[in-house]
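This report describes the fold of one protein chain and then turns to selected parts of it. Please consult the sequence and the structure while reading.

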Amino acid sequence: MAPTTRSKQSTPAPEFATDSTSTAISPSLGGEIKHRPREGSRSRTREEVWDPKYAVDLAIDENVFLFVPNLIGYVRVLTAAASLVFMPYLPKLCTALYFVSCMLDAFDGMAARALGQTSKFGAVLDMVTDRCATACLLTFLTSVYPSYSLLFMFLITLDFSSHYIHMYSSLVTGSSSHKTVTSDVSRILWYYYNDSRTLFIFCFANEVFFVCLYLNAFLKSPITSSFPIPSILLNSSLALSHPKLFGTVIYTLKNLTWPQVVGAITFPICAAKQAINVVQFWKASKILVGVDLAERQAAREVAAQKARGQ
């Protein structure tokens, strides 16, 4: 029996005729909908059978480009781009603009669900904005920390490759969204994508850590300049009994900056986010290999049937 792949929440592929072009009537659109399998495509999922010319013509009937969540997405693009312009010399303004772009990522999803304006274009716009903004920030960090440039290049590569292969595997298996992951495929990814709050915390903390690395190159003022260490701690029994150890701790605290403190807090979440990217890449790779094996087995069965004259 040929191996199969499945997605519990996948979008079922409609039944079309086997000729190169077929049509069906949709009452919701009040007209003829044209379906055409994409040339060279082996998949029969809904996303791959719309006639491209028909899809382009249909776009003028309801302007998805002007959906409210997509308008928010454009603001995200502009604020992210503006932050990159100011990145070399205005760190505070750059950080403010960058975080405005990040925070709007939560609001466009809320608007899409509240207004019933979810769209594939909006989902891809969000992903492209996130990937490009993070990649540009990491690229800048390679110039700030040249000895870690290879690490930053690896993180850029991992981020792009894991999301691309995950998106492609979702399309191949007919999932309605790249966020549709069932627990039997990957419990880690299910936990990550199933709860929007968890997803936001991981993504936001990931960006905060990288921004802290950026700010660390500019902000050198220690925290104690604003919040001095209480004198009671300096004269405590612990300080008197372990003067060398306590002196080292006090010296470290006196020289810590805000970016270093916040970066230390968000680092574990950032590291976990990279581990999730690795899991995402591996699971998507296994799905694609499974699809390949299923199709190869099906092709062998067809060839065997032809050889038997069936």
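## Basis and overall architecture

Helices, as the word is used here, are DSSP runs of H or I with at least four residues, and strands are runs of E with at least two. The model is a predicted one. In this model, the chain has 11 helices and two strands. Read from the N terminus, the order of the elements is β-β-α-α-α-α-α-α-α-α-α-α-α.

The chain comprises 310 residues, of which 35% count as buried. Among contacts between residues at least 6 apart in sequence, 70% join residues at least 24 apart.

## Regions listed in UniProt

An unreviewed UniProt entry lists residues 71-90, 96-115, 135-158 and 199-219 under "transmembrane region". The listing comes from that record, and such annotations may be inferred rather than shown by experiment.

Two of these spans may be examined in the model. Residues 96-115 are 100% helix and 0% strand, and the C-alpha atoms at the two ends lie 28 Å apart. For residues 135-158 the figures are 83% helix and 0% strand, with 10 Å between the end C-alpha atoms.

## Helix 3

Helix 3 contains 25 residues, and the distance from its first C-alpha to its last is 36 Å, close to the 36 Å expected at 1.5 Å a residue. At Asp-105, helix 3 bends by about 25 degrees. Just after the helix, Gly-116 adopts a positive phi of about 65 degrees.

## Helix 7 and its surroundings

Helix 7 covers residues 196-216, which amounts to 21 residues. Its first and last C-alpha atoms are 30 Å apart, close to the 30 Å expected at 1.5 Å a residue. The N-terminal end of helix 7 is capped by Asp-195, which places a side-chain oxygen 3.1 Å from the backbone nitrogen of Arg-197.

Which residues of helix 7 are buried? They are Leu-199, Ala-205, Asn-206, Glu-207, Val-208, Phe-209, Phe-210, Val-211, Cys-212, Tyr-214, Leu-215 and Asn-216. The buried residues of helix 7 pack against several other helices, namely helix 2 (68-86), helix 3 (91-115), helix 4 (120-144), helix 5 (149-172), helix 6 (187-194) and helix 11 (258-307).

## A buried threonine in a loop

Thr-173 is located in the loop between helix 5 and helix 6. Is Thr-173 buried or exposed? The relative accessible area of Thr-173 is 19%, and buried means under 20%; Thr-173 is therefore buried. A polar atom of the Thr-173 side chain lies 3.3 Å from the backbone oxygen of Ser-170.

## Aromatic pairs

The count of aromatic pairs comes to 14. One pair is formed by Phe-86 and Tyr-89, whose ring centres are 6.4 Å apart and whose planes meet at 85 degrees. Planes over 60 degrees apart count as edge-to-face, so the pair of Phe-86 and Tyr-89 is edge-to-face. Phe-86 has a relative accessible area of 25% and is partly exposed, whereas Tyr-89, at 51%, is exposed.

Trp-190 and Tyr-191 also form an edge-to-face pair, with 5.1 Å from centre to centre and 65 degrees between the planes. Trp-190 counts as partly exposed, with 25% relative accessibility. In addition, Tyr-98, Phe-99, Phe-200 and Phe-204 form one aromatic cluster.

Conventions:
Residues are numbered from 1 along each chain as its sequence is written. This is a predicted model: local features need pLDDT of at least 70, side-chain atom pairs count only at pLDDT 80 or more; totals for chains, interfaces and linings use all residues. Side-chain values use heavy atoms; hydrogens and water are left out. The expected span of a helix is 1.5 Å times one less than its number of residues. Buried means under 20% relative accessible area, exposed over 50%, partly exposed in between (1.4 Å probe, protein chains only). Contact means heavy atoms within 4.5 Å. A polar contact is a pair of N or O atoms within 3.5 Å; within protein, one must be able to donate a hydrogen and the other to accept it, and residues adjacent in sequence count only if both atoms are side-chain atoms. Rings of Phe, Tyr and Trp (its six-membered ring) pair if their centres lie within 6.5 Å; planes under 30 degrees apart count as stacked, over 60 as edge-to-face and the rest as tilted. The bend at a residue is the angle between axes fitted to the seven residues ending there and the seven starting there.
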